[in-house]
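Visitor: Could you take me on a close look at a single part of this model, with the side-chain contacts spelled out? Please start with the charges and the overall fold for orientation.

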Amino acid sequence: SRALPDHPVYLERVDGHAALVNAAAMRAATLTRETRDPAGGRLERAADGTPTGVLVDNAQGLVERVIPPATREEQRTALKLAAAELHRVG
């Protein structure tokens with residue numbers, strides 16, 4: 001949150017079972033102390049009940065639902081960068 005206070009950040013763990021989000025992402029998804037854990041998921045919380053930004057399993061959907069889909073151009077750019085990286089490492 002300190003590094004990017006004005007831009008929502010969503011980082012998914014490699015196994016897909018958890019994500020880390022910053023305060024801007026929690027604001028965009030309106031995650032608060034009153035937000036209930038969804039079935040099959042959990043929001044990690046501070047001692048006062050405030051979400052910490054760690055979302056486990058189905059709790060990821062609380063933020064994923066507010067992430068706009070990538071444009072065709074963003075997808076194209078990502079694929080080109082991935083192909084270049086694959087070629088680089090053989």
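**From charges to side chains**

Guide: Happily! The protein chain carries 12 positive and 12 negative side chains, and the centres of these two sets are 2 Å apart. Here Lys and Arg count as positive, Asp and Glu as negative, while His and the chain ends are not counted; each charge is placed at NZ of Lys, CZ of Arg, CG of Asp or CD of Glu. This is a predicted model, in which local features need pLDDT of at least 70 and side-chain atom pairs count only at pLDDT 80 or more, whereas totals for chains, interfaces and linings use all residues. Residues are numbered from 1 along each chain as its sequence is written, and side-chain values use heavy atoms, with hydrogens and water left out.

Now the fold. Along the sequence, the protein chain runs β-β-α-β-β-α-α, with helices (H or I, at least four residues) and strands (E, at least two) being DSSP runs numbered from the N terminus. The protein chain has a radius of gyration of 16 Å, well over the 12 Å that the globule rule gives for 90 residues, so it is more spread out than a compact globule. That radius is taken over C-alpha atoms, and the rule is 2.2 Å times the number of residues to the power 0.38. Along the principal axes, the C-alpha atoms fill a box of roughly 50 × 25 × 25 Å.

Let's move in on N22, in the loop between β2 (18-21) and α1 (23-28). N22 counts as buried because its relative accessibility is 6%; buried means under 20% relative accessible area, exposed over 50%, and partly exposed in between (1.4 Å probe, protein chains only). The side chain of N22 reaches two backbone oxygens: that of H7 at 2.8 Å and that of L4 at 3.0 Å. Leaving aside residues up to four places away in sequence, N22 touches S1, L4, H7, P8 and V9, where contact means heavy atoms within 4.5 Å.

Finally, there is Y10, which sits in strand β1 (residues 10-12). The side chain of Y10 makes polar contacts with the side chains of E64, at 2.8 Å, and Q60, at 3.1 Å. A polar contact is a pair of N or O atoms within 3.5 Å; within protein, one must be able to donate a hydrogen and the other to accept it, and residues adjacent in sequence count only if both atoms are side-chain atoms. Y10 also lies 8.0 Å from V63, C-alpha to C-alpha, though 53 residues separate them in sequence.
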